[in-house]
Structures are given as structure tokens and as C-alpha cells.
Amino acid sequence: MSTLSLIPTHSHPHYTASMSPAELQAMRAHAQQNPEGFWLEQARRIHWHRKPTQGFRGSFEGDVSIKWYDDGHLNASVCCIDRHLTARGDQVALISHREGRPGAEQITYAMLHERVCRLANALTDLGVEKGERVAISLPMISEAVVAMLACARIGAVHVVLFGGFSAEGIAERLMDSGAVLVITASEARRGNKTIPFKQTMDDALLKCGQNCTVKSVLVVRTSDAAVPMLPGRDYDYHDFVDGFEPDFVPVVMPAEAPLFMLYTSGSTGKPKAVVHATGGYMVWAAYTMGMVYAQKPGDVLWCTADVAWITGHTSVVYGPLANGGTTMISDSLPNAPHAGRWLDLIDDYKVTMLFTSPTAVRAMMADGDAVVQAHSLETLRLLGVAGEPISSDVWMWYHDVIGRGKCPVADTWWQTETAGVVLGPVPGAQPLKPGSASTPLPGLDLALADPQGRIQENSAEGSLCIARSWPGQARTIWRDHERFCKTYFSMVPGFYFTGDGARRDDDGYYWITGRMDDVINVAGHRLGTAEVEDVLATDHRLLESAAVGVPHPVKGQALVVFAIARKNVTAQPTEAGIKRMVADALGRYAMPETVYLVPDLPRTRSGKIVRRLLRKIASGEIENFGDLSTLTDQEIVQTICNFVQEKHDIGSIPLILQA
């Protein structure tokens, strides 16, 4: 990309940067020249009971070992609550909005402290001990934040599970983690759907059978509907918890003690739980959120991610609270019960920082500019995205229409395994490039490797790797360190392999091209599917697309495109037109073999398109789709199968759903 695409730092005069370009450059230089000193300085961002005197200890070689701040001691809930009580006790820490209820809970730091301490006492009363795992499966309600912090306060390891998991998916994770207690809800509403949290959890516990380690279940009643309770095991959350003392002496933990485990699907194999350590994670959460989302007094940060994902852990809970900010949660959808619903909430709760997924931006974009223009949005001063690459077209719409051209857009790249932002701008201190995840934060050393594992210099394209450890790095995969070493450290010896491809331009800015398994080889030509999707994003008749590679007897692989057409456009896109568009932009070799115009795509709750399912459907491999429990809508898989069936007139496609 040319430097002509840069949006300079002075383009957003309403945004006050946390540092100057010169200060950012000096910070980068310090981190490069003295990494040990730099990371010990960053450790001062949080509260320590015993301050560390050493930074990183370990190696990416052999039996990988990662340790940060190993001689330090702390408690994560103290970092997020207690340290702020004197200066910010009456400041709102958490705004919790629930669709269909008037107003929202405005929970101050003092109130949050009381709620966390009551639950900490309750968990202890139920026998939960330091180091044991507590599973949390809750909708986006205040109890979800309280539960995470209460686990941290007693030294238990929380395992937050997505509410859309099937009973089989939950059972597998309960057994694998060895959870001793579950915190769940009676049910939840998502648009017009009711999510039966308690019923699904009951089914999961039954499926665990003799391997069940769960002794107690706390149930938050989220509606007036009757809830089946098992005497001796199930407890009404508030009836039980609210009677305990509003104070609890925090359990001081070694820096390397696990804070939480989080399951991530991965490309193949069963879901794996990555383990994050208390000290390094807390420093990383405070550092990355402080660099990209520097909250000032009065700022309200609304990260729309579910707390079941790493974005929710870091950008909803630990990062904002460690930095003494106000964080907001909501169980609402961007366009339900009506178009512009999220925009209503931005105006209602004076949101200053909106952090969401490109999928959500596209959903708002689909509602039309008129819906946005009907809202003030005057409090917004910073916009952010993460979770998947965003096209420059959608980036500019977000910037110009939602942000009115006055808000920087922080496009960030990170993973469950990295715990926080790796690539992303420091808004106001560096120019922005629409569609680029910008540059590594200070202290991070990224590299691109070619297919032979050789590191590429200057502008290049290849496998995105990280050369040195960082405090928020996952320590291992729960009970499978060998898999951890093989998955992340065998591709390029001595480097952490992210699994993503990227290109780096002449200015050092990075562009994520997608998962490496989303790079296909068409008759000897390597083609990133993200390149195809970027081309299609320029056609405003298309809302979204996903390109995948399938086996081909002559070419080796062929390109297949699934696309969603916008409604209410004067001329609908055609399959032939889409093929021509790709060929004209990328070359005839890139012309899709087949194009399917479909009503939607399979995606996770965090907005990521599940391309493995599209690859299977396009390849005719429909005998076993594997675990579909992370999808927002499992029925879309059958719908897409039907489209493929009708297009090729191949008869009925039986859909076999297996968890």
C-alpha cells in the first residue's frame, strides 16, 4: 500500500492522544534497547503485593517455557477494584444494560467490591479452593463480570463458556477442565430467541456422567419462568450469595499462577484450553488497553464482545477496570428489536469508545446511512475493531458515517493466545491506513516467514510470527504442553507462529490476509482468500463474502465464493459478474470456479466466519460437520447445503450434526 492512503495524526482534532508521535517513537526505542527494563516499567501499571524484579525467563526452543515476573505476587481483583477504592470508589465501574428492561445498572467501584466479595465468600463456603476451576456460563449481565473477579479474588481459575455451546460442547469442556462449580443463568434472550442456559447446563452435567466433577451450581434467575433446581446441588444465586459478608481478604497469588483458561477451537482437533498466568496477563491487559484505549475521566468504553471470548476478558473486564475506567456491557443486538439499536445505546449512555467486530459494522452498514444520521453519536471519540480483517471499504464507512470523520479507527489484531492487542495503532500518535492492523505495539517484535520458514525483511508477505515473548502470552494448553509446543513453535523454530498470514508494506504496516489454511494454491498460484474478499468488498451490492479453496483434479485447488447480496439494490449481483470482478482485479487464474449467493454465512458469536464448514460444503464433505455449538445460527449450515444442492441438482444433502 502507498503512503498516500495514510490518514495523518492531525485528521482527528477532537481526539486527544495519550502521547505524541515523538514519545511513541522513544517508547519503541526503549523497548528495543532494554526489553527487561521496559517490561518492568510496564509492570508498574498494576498493583503488586510483592513487586517483581525480573521480566521474562524462558525459551521458545525445545520444551517451551514461558515465565514473566516470576518473583512477583498479586491478586487480579485487587488490581481491578481495591486499588481504585480510595480515589474512585464512587465512580461508575460497570454499566450493565439488559434489553427489554428500563435503564441500566450503574455499578460503582465500591458496589463492585461488595458484590465480588460476597460471591468470593459464597464460593469459599461451597468449598472452592485456590487453583480449582470454576465454569461460568452466563449471558452479558453484571453477574458475569462479578463472577470472574470473585474467582480471581479467591485464587480459583475461571473457565468462561459461551452460552451458545451445545450440551455436548459444555460437557466436554467441564470434564476436560475438571470444574468443581458452575455459575449459570436460567435463560437469556437474544433478539427473538430464548437461550435455555440452565436446561443446557443440566443436560451437559448429565452427559458428564461418572466423570462429572461439578459439586455445586449457582443459578442467576434472569426471568420469571420456573427453573428446575436439583436440591443439594443447585442454589439460587442471589438468595444464596447476597447474605454473605461484603468483604473478603484477597488470596495473594504468585505471578505465574493461572488466572483463567479459555477454550479456543483451533483449525483441527478437539477444543483446546489455553492457560493465562495472573501477573503477565494483568500487565498485558492494562498495557494494551491503556495504549489503544486510553480512558480519561468520563470515558465510557463499550466493547460489544461476549465475556466468553478473549476480547471480552481483556477489553470488557480486566483491561478497563485495571486502568480505572468505566466499562459497559449489553445483551442487545446491533439491529434488534429495530435498526440502529446499538446507536440508541451509544447516545443513551454517552459512550465515548466503541469497540466491536467488522461483522457488526457491516450489520450497521446494511441498515443504511439514514439510520445512523438519525442519531447524535456526539460523544464518540474513538472507534475500534478486532476479530477478523476489515476491508478498507468498511473501515472508511465506519470512520466517515459512524465516526462522522472525527474519530480515529483502531483496527487491531490479536488472538486468544496473545491475550491482548499485538498489532494496532496508538490513536493520535501515528497515521492510520484503512484496512491495516497498523504496527506492533512497543515491545513486540513481529516477523514474516516464507513457506520454508525463512524470515523475510522489508516489505514482504508470509506467515505472521512473533520473535520474542510478551507478558500476556499463553503459557500452555491445559494438560497438553506437547500440543502447545507443536502447534505454536514448530513452524518456525525459535518463533511463535500465529497461524495467520500477513503482508507488510514499505511503511512497516501490517495487513492480515487470513488464516494460513485460508491460503490456496490454484495451478501453482498462491492466493489469499482475504485478497478475493477485499475485491468483492468494493462492490456495494454485496454485503459480505467468504472465499475458500476446494480440491480440483487439474488445478490442485479451485476457488469457491459464498456471497451475501444486499437487499433493496436496483441491480442484483450475478454469479457471472462476481467471477469477472475477481478475475479483472487479480488475474484470470483467480477466477472462482463456483459462486453461491446465499442469505447468510456460518459465523461464531464473535463474528468470525467458520470457513471450515464452507470448505466442507463446497467439497461435498457433508457426512460430519463436527462441533457446531459455537455458531450463532446452526440452521444456516443446512440452508447453505440446500443452495448447493439446488445449484448442482445433486439431490438431497443429508445434514449430520455432531457435537
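In this predicted model, P337 sits in the loop that runs between strand β17 (326-330) and helix α12 (341-348). The peptide bond that joins A336 to P337 is cis, with an omega of about 10 degrees. Another loop, between α14 (369-373) and β19, holds L377. Although L377 is not a glycine, its phi is positive, at about 55 degrees.

## The seven-stranded sheet

Strands β17 and β19 both belong to an open sheet of seven strands, ordered β5-β4-β17-β16-β18-β19-β20. The pairing in this sheet is mixed. Which strands stand at its edges? They are β5 (104-108) and β20 (409-411); each has a single partner strand, so one side of each is left without a neighbour in the sheet. On average, and with direction ignored, neighbouring strands of this sheet are turned by 20 degrees against each other.

Helix α5 (residues 109-125) packs on the sheet, where it touches β4 (92-97) and β5. The direction of α5 makes about 90 degrees with that of β5.

Towards the β20 edge, strand β19 (residues 382-385) pairs with β20 in the parallel sense, over three bridges. Within this part of the sheet, V385 stands opposite D411 in β20.

## Cavities and a pocket

General background comes before the individual spaces. Rolling a probe the size of a water molecule over the atoms shows where empty space is left.

How many cavities of 30 Å³ or more does a search of the whole structure find? The search finds two. The table lists them together with the second largest pocket.

| Space | Volume | Nonpolar lining residues | Polar lining residues | Charged lining residues |
|---|---|---|---|---|
| Largest cavity | about 80 Å³ | seven | two | five |
| Second largest cavity | about 40 Å³ | seven | two | no charged residues |
| Second largest pocket | about 350 Å³ | eight | five | three |

The largest cavity is lined by 14 residues. Those nearest its centre are P139, A188, R190, F197 and R605. Strand β9 (residues 188-190) gives the most to this lining, with three residues. By class, the lining of the largest cavity includes five charged residues.

Which residues line the second largest cavity? They are A76, C151, A152, G155, A156, M253, P258, L259 and T278. Helix α6 (142-154) and strand β14 (258-264) each supply at least two residues of this lining. No charged residues are found in the lining of the second largest cavity, which has seven nonpolar and two polar residues.

The second largest pocket holds about 350 Å³ of space. It is lined by 16 residues, and the closest to its centre are R28, Q32, P440, L444 and D445. Helix α1 (residues 21-33) gives the most to the lining of this pocket, with five residues. The classes in this lining are eight nonpolar, five polar and three charged.

## An annotated span

One stretch of the chain carries a name from a record. UniProt, in an unreviewed entry, lists residues 25-80 as "domain: Acetyl-coenzyme A synthetase N-terminal". In the model, this span is 39% helix and 18% strand. The C-alpha atoms at the two ends of residues 25-80 lie 29 Å apart.

Conventions:
Residues numbered from 1 in each chain as written. Predicted model: local features only at pLDDT ≥ 70, side-chain atom pairs only at ≥ 80, totals over all residues. Heavy atoms only, no water. UniProt positions renumbered as here; feature names shortened; annotations may be inferred. Helix = DSSP H or I, 4+ residues; strand = E, 2+ residues; numbered from the N terminus. 1 Å grid on protein atoms, 1.4 Å probe; cavity = no way out; pocket = protein on both sides within 12 Å on 5 of 7 lines; lining within 4 Å. Points joined across faces, edges and corners; volume = space filled by probe spheres on them. Nonpolar A, V, L, I, M, F, W, Y, C, P; charged D, E, K, R; others polar. Pairing = 2+ DSSP bridges. Axes fitted to C-alpha atoms, helices over the stretch in contact; angles between N-to-C directions. Contact = heavy atoms within 4.5 Å.
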